[in-house]
Amino acid sequence: MSYEKPSWANEDHLAIQETAHKFFAAEMSPNMDRWRKAGIVDRSFWRKAGETGLIGASVPEEFGGIGGPMSFDAMIMLEHGRTGDSGWGVYIQNIVIHYILAYGSEKQKKNWLPKLISGEMIGAIAMTEPGAGSDLQGIRTQAVKQGNHYVLNGSKTFISNGQNADLICVVAKTDNSKAAHGISLIMLETGGAEGFRRGRNLEKLGQKAADTSELFFDDVIVPLDHLLGESEGQGFAQLMTQLPWERLLCGIYAVGACDLALRETLTYVSERKAFGRRIMDLQNTRFKLAECKTILEVTRTFIDRCIEKIDCDELDAATASMAKYWGSEMHCKVMDECLQLFGGYGYMLEYPIAHLYADARVQRIYGGTSEIMKELIARSLEVP
Ligand SMILES: Cc1cc2nc3c(=O)[nH]c(=O)nc-3n(C[C@H](O)[C@H](O)[C@H](O)COP(=O)(O)OP(=O)(O)OC[C@H]3O[C@@H](n4cnc5c(N)ncnc54)[C@H](O)[C@@H]3O)c2cc1C
């Protein structure tokens, strides 16, 4: 089954889509089970994906990208969502890349972007701590200036790409006397960083191949020029400015994964029989699938609109929060309805729908919970 061309796609997007589709079929699908068991995606896969041009396609050529619009990356992410994989942390990689592109010095961009885009380096973004998630201003990790370096102390948890990461964008306090204005983004190169330690690769309900981890910083020395931005205290504003992209990525993943779920479910119900008829021929099945298809197409239309907006740099925080909130809630709803139509087989991990269901659940939590998204959307409401 081929998918309809997105409203924003031109010939270049379609060429990227075909490349991504072939690459994932050859290099991702055969490895997914093994990655889930290992709890991590092979580093060699990252390199191959980078060589194929599937990381940071929207970055200018001088830094190693293809120089396309953001929708180049959106196309790759959409196609990735349709594979059923949830382990490859390229979403995070794309977020880190755009932090560096937006706020990095020329030296930082030249040092890190080509390596992130080639897959030689794997990135992570470390905001969440055991005691602070939604309430980011409550973080306790500190970066204290001493001579010509920072000394980093603290711990983070739930960090995607945590085991593999070579470059971590650490959200840290550089001034305890200030709230949001006391937060900075410090880039830590993990290779040889004394006092840096990776904790457990956390066991999760779903997204089993993702190396979501604890990280510890114990007097870690970081050069002063690894601060992102021209001065300290800009971290919170930098995060808020970049979050629309992160939130839209969650919506894109939702559409891709629901495309796959619907396809798998249609195949199953057209083969499985009960009471002498195909499950597909039962009115309940037809109605449920009609509901799911409608939800998916309405969601797709909105996400497409957001992709068009981000290409024109017009995606505001509230609209991106709607994409994240609506996309992830609908993602979970569609997975639940589809799984039900598989009966007992839907609960068995040998069927992709079981993984899709488990993988979806965290969409309402990470990247800002649904409740926080509603807060942000509500703040944009104005009394007429
Ligand atoms: C698989 C996975 C991957 C992740 N990857 C990363 C990563 O790469 N980097 C990173 O930094 N973090 C990551 N996270 C962390 C994630 O972003 C946080 O878990 C999330 O932001 C919620 O924070 P919390 O877990 O501390 O929950 P809490 O903030 O403690 O929230 C608990 C509950 O209270 C609700 N709540 C909190 N505040 C409000 C409010 N003001 N109004 C209404 N309800 C509220 C929440 O919605 C939630 O239901 C990941 C998490 C998971 C599970």
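How far apart do the C-alpha centres of domain 2 and domain 3 lie? Keep that in mind as you open the model, which is a predicted one.

**Stop 1: the domains**

Start by colouring the protein in three parts: domain 1 (11–121), domain 2 (124–233) and domain 3 (236–379). Here is the answer to the opening question: the C-alpha centres of domain 2 and domain 3 are 30 Å apart. Now look at where these two domains touch. On the domain 2 side, 9 residues are in contact with 9 residues of domain 3. The touching side of domain 2 has 5 nonpolar residues, 4 polar ones and no charged ones.

**Stop 2: around the ligand**

Next, select the ligand and the 22 residues around it; those that come nearest are Met127, Gly133, Ser134, Thr369 and Glu371. Three elements each give two or more residues to this shell: strand 1 (123–126), strand 3 (149–159) and helix 11 (370–379). Which element gives the most to the shell? Helix 11 does, with 3 residues. Try colouring the shell by domain, and you will find at least three residues from domain 2 (124–233) and at least three from domain 3 (236–379). Colouring by class instead gives 10 nonpolar, 9 polar and 3 charged residues.

**Stop 3: helix 7 and helix 8**

Now show residues 235–271, which form helix 7, together with residues 283–311, which form helix 8. Their axes come within 10 Å and cross at roughly 150 degrees. Angles over 145 degrees count as roughly antiparallel, so helix 7 and helix 8 are roughly antiparallel to each other. Their crossing is left-handed. To see the contact, display side chains from helix 7, including Trp245, Leu248 and Ile252, and from helix 8, including Leu289, Leu296 and Ile303. The residues of this contact divide into 15 nonpolar, 4 polar and 2 charged.

**Stop 4: helix 9 and helix 10**

Finish with helix 9 (residues 317–341) and helix 10 (residues 352–360). What angle do they pack at? It is about 150 degrees, and the axes are 9 Å apart. That angle makes helix 9 roughly antiparallel to helix 10. The crossing of this pair is left-handed. Select His331, Cys332, Met335, Asp336, Cys338 and Leu339 in helix 9, then add their partners in helix 10: Ile353, Ala354, Leu356, Tyr357 and Ala360. In this contact, 9 residues are nonpolar, 1 is polar and 1 is charged.

Conventions
Residues numbered from 1 in each chain as written. Predicted model: local features only at pLDDT ≥ 70, side-chain atom pairs only at ≥ 80, totals over all residues. Near = placed C-beta within 6 Å. Helix = DSSP H or I, 4+ residues; strand = E, 2+ residues; numbered from the N terminus. Nonpolar A, V, L, I, M, F, W, Y, C, P; charged D, E, K, R; others polar. Domains from an automatic or database assignment. Axes fitted to C-alpha atoms, helices over the stretch in contact; angles between N-to-C directions. Parallel < 35°, antiparallel > 145°, perpendicular 65-115°, else oblique. Left-handed = near helix turned anticlockwise from the far one by under 90°. Contact = placed C-beta atoms within 7 Å.
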